[in-house]
Amino acid sequence: ATCRAGLDTVAVRVPDHPVALSLLKALGAGKGIAAPSANSSGRPSPTTAAHVLQDLGTGDLIAGVVDGGMLGCDVGLESTVVDCTSQPPTILRPGKVSREDLEKVLGYEVAVHGDQSVKADVGPKAPGMKYRHYAPKAELEIVDKGVAELIRRGNEAVAQGESLGIMAPQDVLQQIEQGLAGDATVVLKRCGASQDDLESIGRELFGTLRDFDDVEGLTLILALGASEHGIGAALMNRLRKAASKGQDCEPSA
């Protein structure tokens, strides 16, 4: 029951990392590892061993960290969670394996938690489904109407006295910097190589959110929204969870 978080279902996954695969192989056939996420509840997910140590330290909580080294996280976002007890199967948490990927293999439509066709659960059936999650210390706000609107909102926030941070892909950072008011002091951080490279944005997302936590006095972070096609659905899911001020922050149908 502990491994199932009190539910009548259990999720099983196989990592795609040589260090993790070697660890599983060392345990022997038919054995696996039951473990919680390696971060404090609600915090941005760790993508490096250093992130784990920032959250959990060493001592009472954990004895140490298995460090994957320079290989790091290839995806940067948590895995897709699919409920196979429902008909059709339902994506409870989007990830690298997208709805389109699943439907191509299965040959029929897959439901997504939050769609009008899916009844809302009384309690979450998978991690990060209903509550504020992945959140930095400062308030996070998503701007999904383009770079010009992000610049406008940035200037407005500074005029309102916010200590501001902005995260956006590398290809638009210079445009944002030039568009901000001359006397505005804003912390700009890269998140991804370009607006079209959703995989690089996803890979850098949590590291960027954690970097903002090191900026003293920061009160607001503006994040440029992204397309929700493919892995973009997982990216925007994590941003919405991080930006949520309440408990339930599923996207509107």
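## Briefing: a surface patch, two cores and a small sheet

Let's start at helix H1, which covers residues 18-27 and is where Leu23 is found. Bear in mind that this is a predicted model. The chain has 253 residues, and 38% of them count as buried. Below is a quick tour, from the surface patch through the cores to a three-stranded sheet.

**Around Leu23**

- Leu23 has a relative accessibility of 38%, and because buried means under 20% and exposed means over 50%, it lands in the partly exposed class.
- Leu23 joins Leu27, Ile33 and Val66 in a nonpolar patch on the surface.
- Taken together, those four residues show about 350 Å² of accessible area.

**The overall build**

- You'll find seven helices and seven strands in the chain.
- Reading from the N terminus, the elements go α-α-β-β-α-β-β-α-β-α-β-α-β-α.
- If you take the contacts with a separation of 6 or more, 58% of them link residues 24 or more positions apart.
- The chain exposes about 14500 Å², with carbon and sulfur atoms supplying 51% of that area.

**The nonpolar cores**

- The largest nonpolar core holds 21 residues, and Leu77, Leu140, Met167, Leu205 and Ile221 are the ones with the most contacts inside it.
- At least two residues of this core come from each of these elements: helix H6 (198-213), strand S7 (220-224) and helix H7 (232-243).
- H6 is the top contributor, giving six residues to this core.
- As for Ile221, leaving aside its neighbours within four places in sequence, its contacts are Pro136, Ala138, Glu139, Leu140, Glu141, Gly165, Met167 and Phe212.
- Two of those partners, Leu140 and Met167, are in contact with Ile221 and also appear in the list of residues with the most contacts inside the core.
- There is also a second core, separate from this one, with 17 residues, among them Leu150, Ala157, Ala168 and Leu222.

**The three-stranded sheet**

- Three strands make an open sheet, ordered S1-S2-S3, and the pairing is mixed.
- Strand S1 (81-83) and strand S3 (111-112) sit at the edges, each pairing on one side only.
- As general background, strands of a sheet pair through backbone hydrogen bonds, and they do so either parallel or antiparallel.
- Strand S2, residues 90-93, pairs with S3 in the parallel sense, over two bridges.
- Within this sheet, Thr90 stands opposite Ala111, a residue of S3.

Notes: Residues numbered from 1 in each chain as written. Predicted model: local features only at pLDDT ≥ 70, side-chain atom pairs only at ≥ 80, totals over all residues. Heavy atoms only, no water. Core = buried A, V, L, I, M, F, W, Y, C linked by side-chain atoms within 4.5 Å. Buried < 20%, exposed > 50% of the residue type's maximum accessible area, 1.4 Å probe, protein only. Helix = DSSP H or I, 4+ residues; strand = E, 2+ residues; numbered from the N terminus. Contact = heavy atoms within 4.5 Å. Pairing = 2+ DSSP bridges. Patch = residues over 30% accessible without salt bridge, like charges linked within 9 Å, V, L, I, M, F, W, Y side chains within 5 Å. Areas by Shrake-Rupley, 256 points an atom, 1.4 Å probe, with all protein chains shown as cover. Salt bridge = Lys/Arg side-chain N within 4 Å of Asp/Glu carboxyl O.
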